[in-house]
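Welcome, and please load the model in your viewer with a cartoon view and side chains ready to switch on. We will take a short walk and make a few selections along the way.

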Amino acid sequence: MSDFYSYLQHSGNQTHFNCPKCKTKTLLHHYQQVELFACTCETIYWTKEFHRYQHLNNHFGYRGQKLKIGSQGEFEGKTYTVIGVAHKKELGNQFAKWTEFVLIDQNKNISFLNCSYGNYTWMYISDRIKAVDFITNIDDYIEFDGIEYELFSSYKQSTEAIRGEFHYNPVNIKKIECFDFISPPKVISIEKTESNTYDCFEGFHITRERVAEIFKTPAIAYQEHEGIGMAQPYFIHLKTSQINRIALFFALLMILMSVFWTASFYEKKLIYTQIPVDKDQPKEIITTPFYLNESFSPYYLRFDGNSYLSNEWIEAGITLVNEKNGEEKELGFVLEYYSGVDNGYSWSEGSNSATAYLSGVAPGKYHLKIKPYCSLITSKNMAFSAHIASPVWWNTGMMILCIFVIVIILNILDRQVRRLRSGEIDNLFGSSYNED
């Protein structure tokens, strides 16, 4: 029997530890399973080697936390008592810090309530998890109980200070590899020891308000906090890698469908004419009538103009006239082409052709009124044509644009939420954050 047990005092169904240094008597809740005890005088006693850690600096402070050793609360039909507190941090990251509260229920089961910057996660030991499947998974997500989890963080940890009763050794943990997987509000944590054994934990996010209610400590609900919890739900749990793949698939599918539709669509020419254009005598041209047969959907018309220009422009005002009801729809296009030489370099801009579109045209009998304006020095002809066209590429382009705008927004939101989880930022848009 080690020296630790010689300092135990049994009285009825209670067992106390009498600290040989400060003489403080502390109630132990499950002394048979205690591996390490840290007294209020900050001395650490290890049951395996009683004097091993007694020289360590163990400057424990509550850091403004409201939950104390001995606090009790009711949760899901069980009574939990806080029996130990450890202040921990991630190795190599001075900002990744958390407090681990060791809880014991009336059945002597141990669980852990972790608090990082005011955000709480409740963890309990699990023997249902195949740890190797998780930490060797190379995909973005791994499924457990029908739920997809993603790797949130992998790290090593160390303990800064402890107080109370521990059924594990929180001092010698620097060589343990930790892996956290999340599917908000659920979390799975796996610890790989130096001897390649695994300790697995399941858990869930729990709000400050709920913790305050369980342990009857209202101040917890109002404690300072930053960012969001590791497994705290935020909007929706975005899986951006899948969203990106789905968006790319639909974009390619719409392009292929558009190509197929364009190949099978028969474009009908309604009008083709040569329009004389004169700077000094602009003349309105009225075309011969044409018919748009009855259709299940409105027509989409394309108007093309072409002329040979040299540092000149032609503007065509076009009016589509419904001969039955006199309804008019106006549109137009501009042809302009300029070129020259500057400092030995030739340049050009504009085009000798132009196109305009008109959608939502109902079936019926129509004619066009075309009035050209220009900067021509000498008269020229402008080739003009009207066609029944298809808006498929316009619609496809707009749909793809909308999809990619949505994808970009979702990716930005996902990045901001990840930054919130890591503590890099405190809120999503710079305004105060309130937890649901």
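In what order do the 4 strands of the open sheet come? Keep in mind on this tour that you are looking at a predicted model. The order is 16-25-19-23, and the pairing is antiparallel. Now select 268-277, which is strand 16, and 353-361, which is strand 23: these two stand at the edges. Each has a single partner strand, so one side of each is left without a neighbour in the sheet. Try looking along the sheet as well: on average, its neighbouring strands are turned by 15° against each other, direction ignored.

Next, keep strand 23 on screen and add residues 299-306, which make up strand 19. Between strand 19 and strand 23 there are 7 bridges, in the antiparallel sense. For one of the pairings, label Leu301 and look across to strand 23, where Leu358 is its bridge partner.

Leave the sheet now and turn on a surface. Select Leu248, Leu252, Ile255, Val259, Trp393 and Phe404: together they form a nonpolar patch on the surface, with about 540 Å² of accessible area. Which helices each supply at least two residues of this patch? Colour helix 4 (240-264) and helix 5 (392-422) to see them. Helix 4 gives the largest share, with 4 residues.

Our last stop is Val259, which you will find in helix 4. Its relative accessible area is 43%, and because partly exposed covers the range between 20% and 50%, Val259 counts as partly exposed.

Notes: Residues are numbered from 1 along each chain as its sequence is written. This is a predicted model: local features need pLDDT of at least 70, side-chain atom pairs count only at pLDDT 80 or more; totals for chains, interfaces and linings use all residues. Side-chain values use heavy atoms; hydrogens and water are left out. Patches are made of residues with over 30% relative accessible area and no salt bridge: like charges are joined within 9 Å, nonpolar side chains (Val, Leu, Ile, Met, Phe, Trp, Tyr) within 5 Å. Accessible areas come from the Shrake-Rupley method with a 1.4 Å probe; for residues, only the protein chains shown count as cover. A salt bridge is a side-chain nitrogen of Lys or Arg within 4 Å of a carboxyl oxygen of Asp or Glu. Buried means under 20% relative accessible area, exposed over 50%, partly exposed in between (1.4 Å probe, protein chains only). Two strands pair if DSSP finds at least two bridges between them. Axes are lines fitted to C-alpha atoms, for helices over the stretch in contact, and angles run from 0 to 180 degrees between N-to-C directions.
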